[in-house]
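Dear colleague,

I am passing on the structure we spoke about, together with some notes on what was found in it. Please read them alongside the coordinates.

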Amino acid sequence: MLIAFEGIDGSGKTTQAELLNARLTREGVPNRLVREPGGTRLGEGVRDLLLHRTDLKISPVTEFLLFSASRAQLVSEIVMPLLAEGNAVILDRYFYSSVAYQGFGRGVGIEEIEMVSRVATGGLVPDVVFLVELDLEEAIRRREMEGRRADRMENAEIEFFKRVIHGFSECARKEPNRFVLVDGRAPIEVTAEKIFKDVMFRIKNVAEEKNAP
Ligand code: ADP
Ligand code: TYD
């Protein structure tokens, strides 16, 4: 079972991904939480280049290819083997982030992103994507409350983030069966319970399908 969390910066993805990881573990479901764009040594290097090296010039296409390179390594080195061993894998961001940020946000062609993402991931798509939806004002307020230092991506302008939000909605509209919309303003525990139940339901369904004659 491959589970992805998507949404803009500060929407609450990491909070929910971590809660799901802990809850599944408590319930005895073998699972691992993996974060994009890091997760491998190569990925951490690329992440550093992308997020912290503000001295570097990086074009939108280069940015996309770097995220994709990191993703390709993550899928082959970590995600595929974990899935093959029977683990549920929780991804904190996946290629939909590239569609939303580099595609809708920065203007790289959506079809090209989808094509390269298929190459990078070997065609591995999540069973379910939880899209945490939050208005920009609240996301910014939360980030400021945290006193989080803005990285290169987060320094981008308001209009950019509006396009990113629209991009995520378009991804969900195109794949309504894969996406579950999550209200980013709902209380953390209420959302966590809903997500956990949804995932358990899917895991049971897969198990029943396997056992069916
Ligand atoms: P992301 O991974 O999407 O950037 P985080 O999970 O790091 O977001 O959450 C950003 C901030 O918002 C954190 O301080 C977190 O505690 C807070 N937060 C997350 N979910 C909620 C929620 N449902 N209601 C209020 N605050 C939240
Ligand atoms: P992340 O650390 O997950 O950010 P946050 O916890 O703030 O949501 O991701 C770092 C930044 O990288 C974030 O601004 C989104 C951006 N990003 C892309 O632009 N494209 C991508 O494909 C990915 C995975 C992330």
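**The two ligands and the core**

Around ligand 2 there are 15 residues (those with a heavy atom within 4 Å of the molecule), and the closest are Asp 9, Lys 13, Arg 93, Ser 98 and Gln 102. Before going further, please note that this is a predicted model, in which local features need pLDDT of at least 70 and side-chain atom pairs count only at pLDDT 80 or more, while totals for chains, interfaces and linings use all residues. Residues are numbered from 1 along each chain as its sequence is written, chains are lettered from A and ligands numbered from 1 in the order in which they are written, and side-chain values use heavy atoms, with hydrogens and water left out.

Three side chains make polar contacts with ligand 2 (a polar contact is a pair of N or O atoms within 3.5 Å; within protein, one must be able to donate a hydrogen and the other to accept it, and residues adjacent in sequence count only if both atoms are side-chain atoms): a polar side-chain atom of Lys 13 lies 2.8 Å from an oxygen atom of the ligand, one of Arg 47 lies 2.8 Å from an oxygen atom, and a side-chain N or O atom of Arg 71 is 2.8 Å from an oxygen atom. On its own, ligand 2 has 550 Å² of accessible area (Shrake-Rupley method, 1.4 Å probe; for residues, only the protein chains shown count as cover), and the protein covers 95% of this. Two or more residues of the shell come from each of helix 2 (41-52), helix 3 and helix 4, with helix 4 giving the largest share, four residues; helices here are DSSP runs of H or I with at least four residues, strands are runs of E with at least two, and both are numbered from the N terminus. By class, the shell holds four nonpolar, three polar and eight charged residues, where Ala, Val, Leu, Ile, Met, Phe, Trp, Tyr, Cys and Pro count as nonpolar, Asp, Glu, Lys and Arg as charged, and the others, Gly among them, as polar.

Ligand 1 is surrounded by 14 residues, of which Gly 10, Lys 13, Thr 14, Thr 15 and Ala 186 come nearest. A backbone N or O atom of Gly 10 lies 2.7 Å from an oxygen atom of ligand 1, and a polar side-chain atom of Thr 14 lies 2.5 Å from an oxygen atom of this ligand. Taken alone, ligand 1 exposes 560 Å², and the protein buries 76% of that. Helix 1 (13-26) and helix 6 each give two or more residues to its shell, which divides into three nonpolar, six polar and five charged residues.

As for the interior, the largest nonpolar core (buried Ala, Val, Leu, Ile, Met, Phe, Trp, Tyr and Cys residues joined through side-chain atoms within 4.5 Å) has 33 residues, and Ile 8, Leu 91, Tyr 94, Tyr 101 and Phe 168 have the most contacts inside it. Apart from this core lies another, of 16 residues, among them Phe 130, Val 180, Val 182 and Ile 195.

Finally, Val 132 is found in strand 4 and counts as buried because its relative accessibility is 4% (buried means under 20% relative accessible area, exposed over 50%, partly exposed in between, with a 1.4 Å probe and protein chains only). Its C-alpha atom is separated by 7.3 Å from that of Phe 5, 127 residues apart along the chain.

With best regards
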